[in-house]
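Me: I'm new to this structure and would love a close look at a single part of it. Could you take me through the spaces enclosed inside?

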Amino acid sequence: MRLTRRTPAWLALAICSSLSLTGCFSAAAEQASGEDRISVAHMQPPRSGLSPLSDDAFKLSRWSAAETLVTLDEDGTAQPGLATGWERISDLVWEFSIRQEVTFHNGKPLTAQAAAHSLQQAIDSTPVPRILNGTTLEVDVHSAEKIRVATADPDPLLPQRLSSPQLAIFDAAAYTANGVDPAGTGTGPFQIVAVDGISGATLDRYDGYWGEPAAAAGIDVKFVPDGTARAAALRTGEADIAEAIPAGQAASVDQQLLTEVAMPRTNTLYLNTEAGPFADPAVRAAARAAVDRAAIVQSVYESRADVAEGLLGPALPYAAKLRESEEYRQLLEQRAEPAKVKDVKISLGTFTDRAELPEVAVILEQQLEAAGFDVQQDVREYQYIEADALDGAFDAFILSRATVLDSGDPVAYLASDFTCTGGFSIAQLCDKSVDQSIDIASQTEAGTERQQRIMLAEAQILGTDAAIPLLHERVIQGEGSTVRNAAQDPRERQLVTAKTQLDDK
């Protein structure tokens with residue numbers, strides 16, 4: 001039995017979240033029907049009202065409600081999306097041909113003018129989408145079917161950059177004085193028809209879609225920050241797809257419903273380099289020396305993760321090999337010697353949305369206190385703690401961070417998190433050598449040399465001890481026994497696609 005419109009049933013689950021899970025699911029199941037709609041239990045609620053100019057863009061992408069000019073294949077190579085092709089006119093100018101048979105969900109046609117307007121809105125936004133941090137773009141309509149994008153400096157990865165879900169294309173009606181409204185203004189095979197704040201959303205198949213029509217009638221989304229509740233929803237059949245089943249809950253679910261996806265995601269301990277005890281490199285080094293990564297992986301993740309040797313994990317195959325270079329090792333040797341610390345008070349923050357992180361915080365507290373630190377924890381939902389973390393309110397912060405989230409290339413992540421002008425600088429790092437190494441990597445053409453430059457930038461960052469990489473996650477995705485063709489995407493861009501459907505049994 002399947003829910004026709006799952007929102008009421010999910011709402012019953014949300015209301016009952018602090019009560020017996022069995023009773024809540026029983027109440028929800030009473031509203032089932034046979035319509036082929038896919039229910040999804042998402043981990044995090046929207047942070048910015050589903051604005052595509054924020055991280056909420058990745059929800060729109062995972063629901064196939066919004067599309068970009070460019071897409072990426074499994075290898076990270078740029079492929080046509082809403083643009084049928086592109087050409088590099090000069091070092092600074094690229095020309096993109098806009099697909100002509102596309103209509104927005106409100107029925108208006110996609111034109112070169114509409115595509116340029118949407119990109120311009122992202123360029124002019126404050127703050128800009130993180131994929132544009134440190135990048136200056138100009139966009140112009142070149143003809144009825146083509147736009148040109150110019151960069152201030154040569155950007156060999158501009159097509160990959162335009163694949164970021166934060167640069168998805170929307171009709172001009174989406175952009176209002178009150179923000180960006182993606183409902184009825186995207187181009188994907190599913191259209192948003194209702195949003196219930198931070199509780200859930202409803203999407204229906206868009207019959208005017210330019211590509212392969214959606215196999216499912218719609219998607220019913222519920223935001224379920226509690227990992228135990230997500231696992232229970234999958235186990236009982238209330239959720240067809242559940243994001244990020246916590247490792248500690250995996251044993252409670254039929255293993256045939258779980259898929260382990262090696263992710264380009266790193267759990268990192270960021271240290272505040274600007275103020276507090278960790279402004280001293282030697283104290284940061286003491287924290288690094290105190291951390292036992294293997295103990296965290298074994299105890300919290302039940303060995304369902306990889307011990308981090310650097311910021312970039314096994315999802316980037318070149319990373320481990322290039323760490324063996326002499327130049328890389330020399331950069332790491334520049335790290336300060338650990339100071340001897342005693343009763344050094346530090347604040348340690350993290351969030352509850354990823355169920356393992358509070359447990360990681362407990363183990364890190366024990367490890368740091370054994371080394372002489374006096375740790376005070378602050379653990380909240382992410383939506384209530386992000387602003388404080390970015391403002392430098394914590395001495396240390398544990399973050400689960402996607403390292404190639406935007407362009408399929410880690411340079412954007414390195415620039416956002418570790419440069420003087422980075423928009424996501426929890427470590428508050430501003431180091432000229434780091435900035436220079438990231439800048440060199442960003443200007444290098446795609447290929448082996450770029451990979452080498454990326455790894456040297458990683459070594460420069462690690463040399464400051466501003467960030468202590470802990471582990472690389474393998475996300476456990478839950479899919480009901482009748483789910484077919486759900487995306488298992490390391491970049492967390494796709495989940496329910498046009499091909500995703502339910503088979504009756």
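How much space lies in the second largest cavity?

Reply: Happy to help! Please keep in mind that this is a predicted model. About 150 Å³ of space lies in the second largest cavity.

Let's look at what surrounds that space. The lining of the second largest cavity is made up of 17 residues. Nearest its centre lie Ile245, Glu356, Glu473, Arg474 and Val475. The strand β21 gives the most to this lining, with four residues. By kind, the lining residues of the second largest cavity divide into ten nonpolar and seven charged, with no polar ones.

For context, the count comes to six cavities of 30 Å³ or more. The largest of them holds about 550 Å³ of space, and 32 residues line it. Met43, Gln44, Arg265, Arg354 and Glu492 are the ones nearest the centre of the largest cavity. Here β21 (467-479) turns up again: along with α3 (57-62), β16 (258-271) and β20 (396-402), it supplies at least two residues of the lining of the largest cavity. The largest share of that lining, though, comes from β20, with four residues. Sorted by kind, the lining of the largest cavity has 14 nonpolar, six polar and twelve charged residues. So as you turn the model, you can use β21 as a guide, because it gives the most to the lining of the second largest cavity and also supplies at least two residues to that of the largest.

Notes. Residues numbered from 1 in each chain as written. Predicted model: local features only at pLDDT ≥ 70, side-chain atom pairs only at ≥ 80, totals over all residues. Heavy atoms only, no water. 1 Å grid on protein atoms, 1.4 Å probe; cavity = no way out; pocket = protein on both sides within 12 Å on 5 of 7 lines; lining within 4 Å. Points joined across faces, edges and corners; volume = space filled by probe spheres on them. Nonpolar A, V, L, I, M, F, W, Y, C, P; charged D, E, K, R; others polar.
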